[in-house]
Amino acid sequence: MDGPNDPELQLPLRKIVDGPRVSIIMPTFRRSHQIRDSIRSLLDGEYQDFELLVRDDGSGSDGTAEAVAAAAAGDSRLRYHRNPTNLGIAGNLSEGIRASQGEFISVCHDHDLYRPGFLRAMVAALDRHPSALYVHCASEIISQEGEHKGSNIHDFAELTIGPEWLRFMLSRPGCPVCALTIVRRSAHERYGLYNPADGFIADVDMWMRLSMYGDVAYVRDPHLLLRERESDHQAATNSVAIARTLARIHGRYIPVAYTGAQRAKASLRLCYWCSRIMLLGAAQRLKRWLMDGELQRVPVEGA
């Protein structure tokens with residue numbers, strides 16, 4: 001909850017107020033083989049009043065710059081920047097927002113696809129609901145090869161009161177908000193940017209934080225095609241560490257969202273989740289230990 005007060009997380013008021021309506025921030029890291037399709041799905045969409053800021057957190061040796069230039073095909077709305085040092089996802093997003101000029105901030109990942117009506121539907125939802133600080137939408141899941149794998153379509157109301165949404169998020173370990181949202185710039189100016197301390201899931205803290213101060217809009221149409229992550233992605237290889245971070249974020253907001261017996265109940269629920277995380281971590285360490293022992297006993301040919 002340090003966003004509004006931490007100088008490192010603050011966003012200064014924008015200097016240019018006649019810029020594009022939407023700023024799309026696309027953080028990227030070693031996805032030169034997929035980013036072209038992601039970029040083209042945005043540039044070819046129905047809504048055109050935007051800038052697209054591609055923020056490369058890689059080393060510059062994997063061909064991302066060339067892939068971005070090929071996808072842009074000279075479109076002046078796209079601006080590419082490679083960070084001189086790796087910032088991590090939260091730092092990369094925040095620096096992208098600081099470099100933007102739009103009234104709305106849209107986060108779009110470098111491997112997902114966006115249907116033509118995505119930006120139009122999301123902006124329209126915020127226009128209909130001035131009290132909403134951000135909007136999220138339904139999605140479909142596709143494989144690395146583009147095959148349909150499932151859907152995330154929920155029966156959420158088009159507008160949910162912020163404190164009610166915060167309690168809903170705290171009631172379950174999984175996050176119901178897809179990271180690919182649109183946030184009002186004024187919300188970031190007042191309540192801060194992404195917290196690097198929360199690493200890969202800094203967005204979860206953001207959705208909870210903003211829910212303290214405003215309402216949440218939802219678009220039920222699946223405008224997003226979310227690509228399954230690679231098998232060696234940190235979301236799969238560091239699941240226990242991510243779960244611990246999620247538990248820490250929940251602990252940050254329980255005292256804000258609940259009082260009395262409800263706070264005690266939510267705290268006990270969090271303790272239960274933490275116990276499961278610890279058991280999962282212990283099981284994974286035991287598995288690694290057993291596998292290492294088996295490998296040591298495997299005879300080496302010619303030894």
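Visitor: How do the residues of the lining of the largest cavity divide into nonpolar, polar and charged?
Guide: In this predicted model, the lining of the largest cavity has five nonpolar, two polar and two charged residues. The residues concerned are Ser-41, Leu-42, Gly-45, Glu-46, Tyr-47, Arg-115, Pro-116, Phe-118 and Leu-119. Glu-46 and Arg-115 are charged because Glu and Arg belong to that class, and Gly-45 goes with the polar residues because Gly is placed among them.

Visitor: Which helices each supply at least two residues of that lining?
Guide: They are α1 (35-43) and α4 (118-128).

Visitor: What makes this space a cavity and not a pocket?
Guide: A cavity is a set of points where a 1.4 Å probe fits but cannot get out, whereas a pocket is an open set. One cavity of 30 Å³ or more is counted, and the largest cavity holds about 40 Å³ of space.

Visitor: How much volume does the second largest pocket have, and which residues are the closest to its centre?
Guide: Its volume is about 190 Å³. Ten residues line the second largest pocket, and Pro-173, Ala-243, Trp-273, Arg-276 and Ile-277 are the closest to its centre. The lining divides into eight nonpolar residues, one polar and one charged.

Visitor: Which helix gives the largest share of the lining of the second largest pocket?
Guide: α10 does, with five residues. Both α9 (239-257) and α10 (260-297) supply at least two residues.

Visitor: How do you know that Cys-178 is not in a disulfide?
Guide: A disulfide needs two cysteine sulfur atoms within 2.5 Å. The closest cysteine sulfur to that of Cys-178 is in Cys-137, 6.7 Å away, so the distance is too far for a bond. The structure holds zero disulfides.

Visitor: Why is Cys-178 described in other terms than Cys-271 when it comes to accessible area?
Guide: Buried means under 20% relative accessible area. Cys-178 has 15%, so it is buried. Cys-271 has 48%, which lies between 20% and 50%, so Cys-271 is partly exposed.

Visitor: How many aromatic pairs does the structure hold?
Guide: There are eight aromatic pairs.

Visitor: What makes the pair of Phe-156 and Phe-168 stacked, tilted or edge-to-face?
Guide: The ring centres of Phe-156 and Phe-168 are 5.6 Å apart, within the 6.5 Å limit, so the rings pair. Their planes stand at 75 degrees, over 60, and therefore the pair is edge-to-face. The pair links distant parts of the chain, twelve residues apart: Phe-156 is in the loop between β7 (148-152) and β8 (159-160), and Phe-168 is in helix α5 (residues 162-170).

Visitor: Why is the pair of Trp-165 and Phe-168 called tilted?
Guide: Its planes are 40 degrees apart, neither under 30 nor over 60, so the pair is tilted, with 5.2 Å centre to centre. Trp-165 and Phe-168 both lie in helix α5, three residues apart, about one turn of the helix.

Visitor: Which of Phe-156, Trp-165 and Phe-168 are buried, and which are partly exposed?
Guide: The cut-off for buried is under 20%. Phe-156 has 12% and so counts as buried, and Trp-165, at 3%, is also buried. Phe-168 has 25%, so it is partly exposed.

Visitor: Which residues do ring pairs link into a cluster?
Guide: The cluster consists of Phe-156, Trp-165, Phe-168 and Tyr-218.

Definitions and conventions
Residues are numbered from 1 along each chain as its sequence is written. This is a predicted model: local features need pLDDT of at least 70, side-chain atom pairs count only at pLDDT 80 or more; totals for chains, interfaces and linings use all residues. Side-chain values use heavy atoms; hydrogens and water are left out. On a 1 Å grid over the protein atoms alone, a cavity is a set of points where a 1.4 Å probe fits but cannot get out, and a pocket is an open set with protein on both sides within 12 Å along at least five of seven lines; lining residues have an atom within 4 Å of a point. Grid points are joined across faces, edges and corners, and a volume is the space filled by probe spheres set on the points. Helices (H or I, at least four residues) and strands (E, at least two) are DSSP runs, numbered from the N terminus. Buried means under 20% relative accessible area, exposed over 50%, partly exposed in between (1.4 Å probe, protein chains only). Rings of Phe, Tyr and Trp (its six-membered ring) pair if their centres lie within 6.5 Å; planes under 30 degrees apart count as stacked, over 60 as edge-to-face and the rest as tilted.
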